[in-house]
Amino acid sequence: EAIVVDDGSSDASVSVVEHLAEGDPRIQLFRQENTGVAGALNRGLRESRGEFIAFLDHDDLWKPDKLASQLECFEKDETLGFVGCYSALIKPDGRSLGWRFGTAASGTVYHRMLFCDLVAGGSVAMVRRNVFDQAGFFDPNPGIEGRSDWDQWIRLSRLCTYTTVEKILVGYTRGPSNYS
């Protein structure tokens, strides 16, 4: 399934999603007043039904093999709660800026996660749904807006193990309109 949350956008994204959804029942659009990043993520989580959850921010890109590579990790290790990968900074036109994010972390990473966002990006992680059910959803507190993903990864890492696919599978867009 592809859950799209329109969190009060002012561009043409709703019409694009509506057009795509016409021919594909797996695509579901949910519209809401702007609630911020955590609010939009939580709406997507509430509406989703899958065993695994992966996020894709509106201005980021996934490589075609991202989901398959991460699912392979889950299939090899049933104790994993979430899986990351590397991401590369890209310009809005898709060209690389030459920077890579992410670490080759694996196993019990809670203490390391307290000091460093090992996941390093909102479009990077794939998470078992039942781990979200245990940890709770993203914290919408305005005091951590923009870092609610790191807070979430910390809470998840207290409950389960983590691993990294050591390949660049996400393009993280850096431009003047970025939130972070």
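Colleague: Among contacts between residues at least 6 apart in the sequence of this chain, what share join residues at least 24 apart?
Modeller: The model is predicted, and local features therefore need pLDDT of at least 70 and side-chain atom pairs pLDDT 80 or more, whereas totals for chains, interfaces and linings use all residues. Residues are numbered from 1 along each chain as its sequence is written, and side-chain values use heavy atoms, with hydrogens and water left out. A contact here means heavy atoms within 4.5 Å. Among the contacts between residues at least 6 apart in sequence, the share that join residues at least 24 apart is 72%.

Colleague: In what order do the helices and strands follow one another along the sequence?
Modeller: Helices (H or I, at least four residues) and strands (E, at least two) are DSSP runs numbered from the N terminus. The chain holds six helices and eight strands, and, read along the sequence, they follow the pattern β-α-β-α-β-β-α-β-β-α-β-α-α-β.

Colleague: What is the radius of gyration of a chain with this pattern?
Modeller: The radius is taken over C-alpha atoms, and the globule rule is 2.2 Å times the number of residues to the power 0.38. For 180 residues the rule gives 16 Å, and the chain comes close to that, so it is as compact as a globular protein of that length. Its C-alpha atoms fill a box of roughly 40 × 35 × 35 Å along the principal axes, and the radius of gyration is 16 Å.

Colleague: Which elements do the buried residues of helix H2 pack against?
Modeller: A residue is buried under 20% relative accessible area, exposed over 50% and partly exposed in between (1.4 Å probe, protein chains only). Eight of the eleven residues of H2 (residues 37-47) are buried, so this helix is largely enclosed by the rest of the structure. Those residues are Ala-38, Gly-39, Ala-40, Leu-41, Asn-42, Arg-43, Gly-44 and Leu-45. They pack against strand S1 (2-7), S2, S3, helix H5 (129-135) and helix H6 (148-159).

Colleague: Which backbone nitrogen does the side chain of Asp-60 reach?
Modeller: Asp-60 is found in the loop between strand S3 (52-54) and strand S4 (61-62), and it is buried, with a relative accessible area of 4%. Its side chain makes a polar contact with the side chain of Ser-123 at 2.9 Å, where a polar contact is a pair of N or O atoms within 3.5 Å; within protein, one must be able to donate a hydrogen and the other to accept it, and residues adjacent in sequence count only if both atoms are side-chain atoms. At 3.1 Å, the side chain of Asp-60 also reaches the backbone nitrogen of Thr-173.

Colleague: Which residue offers the backbone oxygen that the side chain of Thr-164 reaches?
Modeller: Thr-164 is found in strand S8 (residues 161-173), and its relative accessible area of 8% makes it buried. Leaving aside its neighbours within four places in sequence, its contacts include Gly-84, Tyr-86 and Ala-105. The backbone oxygen, reached at 3.0 Å, belongs to Thr-103.

Colleague: What is the phi of Ala-120?
Modeller: Ala-120 has its place in the loop between helix H4 (110-115) and strand S7 (126-128), where, at 22% relative accessibility, it counts as partly exposed. Although Ala-120 is not a glycine, its phi is positive, at about 55 degrees.

Colleague: What distance separates the C-alpha atoms of Gly-23 and Ser-96?
Modeller: Gly-23 lies in the loop between helix H1 (13-22) and strand S2 (27-32) and counts as exposed at 69% relative accessibility. Gly-23 and Ser-96 are 73 residues apart along the chain, and the separation of their C-alpha atoms is 33 Å.
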